[in-house]
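Trainee: I would like a close look at a single part of this model, namely its salt bridges. Please take me through them in one go, and add a few residues elsewhere for contrast.

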Amino acid sequence: ILLMVLFAVNIVVNGGIDLRALVKDDLRFWMYYDNREGALDFIFGAQDAKFRPVFFMLLYSLYKIFGNHIYLFDGFNLLLNFGVVAVLFLIFRKLSGNVWVSFCLGCIYLVSRFAYYVISQVFGIEEALALLGSVAIAYLMWRFVRTGQRQNYWLSIVLFTLVIFVHERYVTLLFFFMAVLISLGINRKNLVLFGIATLPVLLNFGIKKVMLGVNPLYGTGGLEITDTFNLSQVISFLISGVHYIIGVNAGPIHLNGIPFDQVPWYLNVFILLGIGCITLFGFLFLKHSLRQENQSNTGHTRTIILFLAFIFATLLGGCVTIRLEMRWVYTPFCGFLLLIAYLAGVLLTDPRLRKQALILITLWTLIVIPAELIYRTYYPNLYFWKTQTAGNQLYENTVGRYGNGFWDYDTYLICPDMKCPDLNYGEGDELRLFFSQFSQGMTVDHQITVVPDVSQIDPQLLYAENVIILRFDPQTYGVTEITHQ
């Protein structure tokens, strides 16, 4: 029943984020697909410097299945996100032993402002898959530390291999394996296990360097990490990441929607109350630990180190490049939720502290939900949001409204001062490239004429039956149809 409620929460909270058309990275990558010859050429050659064959394989399949029905990615992202939260719910339940705690943490995951990219972009599929695999690795390693059963370790290595071929950013999970094995003791057996953990990274780097001839340390924005790495900047980004996790936006407006110094007072109240709840929760656990025997605390310490190492390792992957985007904090944030679930599980076994722990978890959830929903209202300030809005509205006012009959219309787009929406980094004929995603498998001879003002359109065409006139607002990036008005 609670999973059904989480499904409904996912639809209500994230269903309003539309993906009707591909723009920017999504559109550029679809162009790679459209220009490649077959699956192997796309999977292994679409973007050599990145080399993400696991993700590319799934993406190729989805391109084939969805065709020019781009809106289907919208529903797929929602279903995938529910799949992620369902797995998280089960892991939270294993860690906490309590369905209510699991439900609360699942709700926090769904409403998180970090979900913006997972829901709104095709490349969000990549982020969701890597997040899911990473969280599963953390859980398997927790079981390995707890039980000593080697199959959990081997499964985590298999997932690690898959995850870094979904997104190379997760090679930093190697630091997580190292920290966990050190916590178990430095000996020959653990050194061998760590050596095995390095093999997926060596494989990834080896394929890129030897077979593809590219720098394995290829970062964001077409820049190589070796050229942009700055230790003080990495430390600064790590600190910012911790702030993001506890509810504080510690970055520029185009990356988070609203920076901390512009946050309204009532949102600051929610943020401070949330930090207060987590602080009290930590003191509650400390109080419990002081009552326990050293042997019991040793086990708790190892688990806390495990989840803190996971948070650090996954956060580090997003901090070694030129900027820290909120989407890169989603996995570390999930690591924080795993830690909270574990601490809650420990506290719920203490009859004297059980009630207080449940109250604090519930209260924290009730505080985080409105805070994150307020944060979401500032999504339009994100660097790609207006472009996605323009793409969605271009689709809705053309192919979405007229279907395949759209290609028979003469279309005019009014762009004041000839400033059109930048849909694909200014590469070639923007609008032709944009609409090609909707004409797959068809032979169409259609061109949109861009004019600065309606006066530039032949007056006789303004009321013609086969003409569509659209207006682009460079301030809001909205696109509206003004045909026959």
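Mentor: Happy to! Let us agree on burial before anything else: a residue is buried under 20% relative accessible area, exposed over 50% and partly exposed in between, using a 1.4 Å probe and protein chains only. This is a predicted model, in which local features need pLDDT of at least 70 and side-chain atom pairs pLDDT 80 or more, while totals for chains, interfaces and linings use all residues. Numbering runs from 1 along each chain as its sequence is written, and side-chain values rest on heavy atoms, without hydrogens or water.

Now to your request. The whole structure holds 13 salt bridges (a side-chain nitrogen of Lys or Arg within 4 Å of a carboxyl oxygen of Asp or Glu). One of them pairs Glu 127 with Arg 169, with 2.9 Å between the closest N and O atoms. This pair connects distant parts of the chain, 42 residues apart: Glu 127 sits in helix H8 (residues 124-147), and Arg 169 in the loop between helix H9 (150-164) and H10. Helices (H or I, at least four residues) and strands (E, at least two) are DSSP runs, numbered from the N terminus. Both Glu 127 and Arg 169 are buried.

Glu 127 has another partner, Arg 327, and here the closest N and O atoms are 3.5 Å apart. The reach along the chain is 200 residues, from Glu 127 in helix H8 to Arg 327 in the loop between H16 and helix H17 (330-347). Arg 327 counts as buried because its relative accessibility is 12%, and Glu 127 is buried because its relative accessible area is 4%.

For a pair with mixed burial, look at Glu 481 and Arg 401, whose side chains meet in a salt bridge of 2.3 Å, N to O. Glu 481 belongs to strand E4 (residues 479-481) and Arg 401 to helix H20 (residues 399-402), so this bridge ties together parts that are 80 residues apart in sequence. Glu 481 is buried at 13% relative accessible area, whereas Arg 401 is partly exposed at 49%.

Back to Glu 127: through shared partners, salt bridges join Glu 127, Arg 169, Arg 323, Glu 325 and Arg 327 into one network.

Now the contrast. Arg 113 occupies the loop between helix H6 (99-111) and helix H7 (116-120), and with a relative accessible area of 1% this arginine is buried. Leaving out residues up to four places away in sequence, Arg 113 touches nine residues, among them Tyr 244, Asn 249, Met 326 and Glu 372 (contact means heavy atoms within 4.5 Å). Ser 439, in the loop between helix H21 (430-436) and strand E2 (448-451), is also buried, at 11% relative accessibility. With that sequence limit again, Ser 439 touches Asn 68, Trp 407 and Val 444.

Three helix residues are partly exposed instead. Met 57 lies in helix H4 (residues 53-66) and has a relative accessible area of 46%. Leu 72, in helix H5 (residues 72-96), has 33%. Phe 312, in helix H16 (residues 294-316), has 40%.

Finally, the wider setting: the chain has 21 helices and four strands, and 54% of its 485 residues are buried. Of the contacts between residues at least 6 apart in sequence, 77% join residues at least 24 apart.
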